[in-house]
Amino acid sequence: MPFAWQSKRPLEYGSGMTFLRQIISSKISDQEFEEKKRFYPIRFMNKEHLYYYEIYKKQVGEIPKVEKNQKICPGCGTGLHQKAFHCRICGYVLNSVKLLDYGLKKESNIDKIQM
Ligand SMILES: [Zn+2]
């Protein structure tokens, strides 16, 4: 069982997600990213976020409007339940700015949870 010998590392490295992210980011120029950040009402975390948003917009449509008794997602502007801490539309994590920084910070949080 060779997989059992592999060093423990975040899923996104072993699965090739980091490679996929590089490909997606390389498809969007800095200029296009800046223009679309101004054009769309979304706070994009990175180019990958923009890439997936455009797929969402094409396949699903507009982001749902805020309804009564909902709070507004700072990331995309959709409505969130009062007790929600994560936006299911854009992935924004409320009250946890550290989790927005992908990479080492997220890994270290996971380590703390596992211990
Ligand atoms: Zn959102």
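This is a dialogue on how to read several features of one predicted model.

Trainee: Where should I start with a predicted model?

Mentor: Start with the confidence. The mean pLDDT of the chain is 80, and 73% of the residues reach 70 or more.

Trainee: Which elements have the lowest and the highest mean pLDDT?

Mentor: The general idea is that where pLDDT is low, the predicted coordinates should not be read in detail. In this chain, helix 6 (residues 104-114) has the lowest mean pLDDT among the elements, 44, while helix 3 (residues 30-39) has the highest, 96. The pLDDT is below 50 over residues 98-115, a stretch with eight contacts in the model beyond near neighbours in sequence.

Trainee: How many helices and strands are there in the chain?

Mentor: The chain holds six helices and two strands. Along the sequence they follow the pattern α-α-α-α-β-β-α-α.

Trainee: What share of the contacts comes from residues 24 or more positions apart?

Mentor: Counting contacts with a separation of 6 or more, 17% are between residues 24 or more positions apart. As for burial, 10% of the 115 residues in the chain are buried.

Trainee: Which residues make up the largest nonpolar core?

Mentor: The general idea first: in soluble globular proteins, nonpolar side chains tend to be buried together. Here the largest nonpolar core has eight residues: I42, I63, C73, C76, L80, C87, C90 and Y92.

Trainee: Take C87 from that core. Is C87 buried or exposed?

Mentor: The cut-off for a buried residue is 20 or more other C-beta atoms within 10 Å. C87 has 20 such atoms, so C87 counts as buried. Its place is the loop between strand 2 (79-80) and helix 5 (97-100). Leaving out residues up to four places away in sequence, C87 touches C73, G75, C76, T78, L80 and Y92. Its C-alpha atom is separated by 9.7 Å from that of I72, 15 residues apart along the chain.

Trainee: And what is C90 in contact with, beyond its neighbours within four places in sequence?

Mentor: C90 is in contact with I42, C73, G75 and C76. Between C90 and H49 the C-alpha distance is 8.1 Å, with their positions 41 residues apart in sequence. H49 belongs to helix 4 and counts as partly exposed because it has 19 C-beta neighbours inside 10 Å.

Trainee: Which residues does Y53 touch, not counting those up to four places away in sequence?

Mentor: Y53 touches Y40 and I42. Like H49, Y53 is found in helix 4. With 18 other C-beta atoms within 10 Å, Y53 is partly exposed. The C-alpha atoms of Y53 and I42 are separated by 8.9 Å, and the two residues are 11 apart along the chain.

Trainee: How do I read the packing of two helices? At what angle do helix 2 and helix 4 pack?

Mentor: Read the angle together with the distance between the axes. Helix 2 (residues 17-27) packs against helix 4 at about 80°, and their axes are 8 Å apart. Helix 2 is therefore roughly perpendicular to helix 4.

Trainee: Which residues of the two helices meet?

Mentor: From helix 2 there are R21, I24 and S25, and from helix 4 there are K47, E48 and Y51. By class, this contact has two nonpolar, one polar and three charged residues.

Trainee: One backbone detail to finish. What is the phi of N69?

Mentor: Phi of N69 is near 65°, a positive value in a residue other than glycine. N69 lies in the loop between helix 4 (47-59) and strand 1 (71-72).

Trainee: How many other C-beta atoms lie within 10 Å of N69?

Mentor: There are 8. The cut-off for an exposed residue is 12 or fewer, so N69 is exposed.

Technical notes
Residues numbered from 1 in each chain as written. Core = buried A, V, L, I, M, F, W, Y, C linked by C-beta atoms within 7 Å. Contact = placed C-beta atoms within 7 Å. Helix = DSSP H or I, 4+ residues; strand = E, 2+ residues; numbered from the N terminus. Axes fitted to C-alpha atoms, helices over the stretch in contact; angles between N-to-C directions. Parallel < 35°, antiparallel > 145°, perpendicular 65-115°, else oblique. Nonpolar A, V, L, I, M, F, W, Y, C, P; charged D, E, K, R; others polar. pLDDT = per-residue confidence, 0-100.
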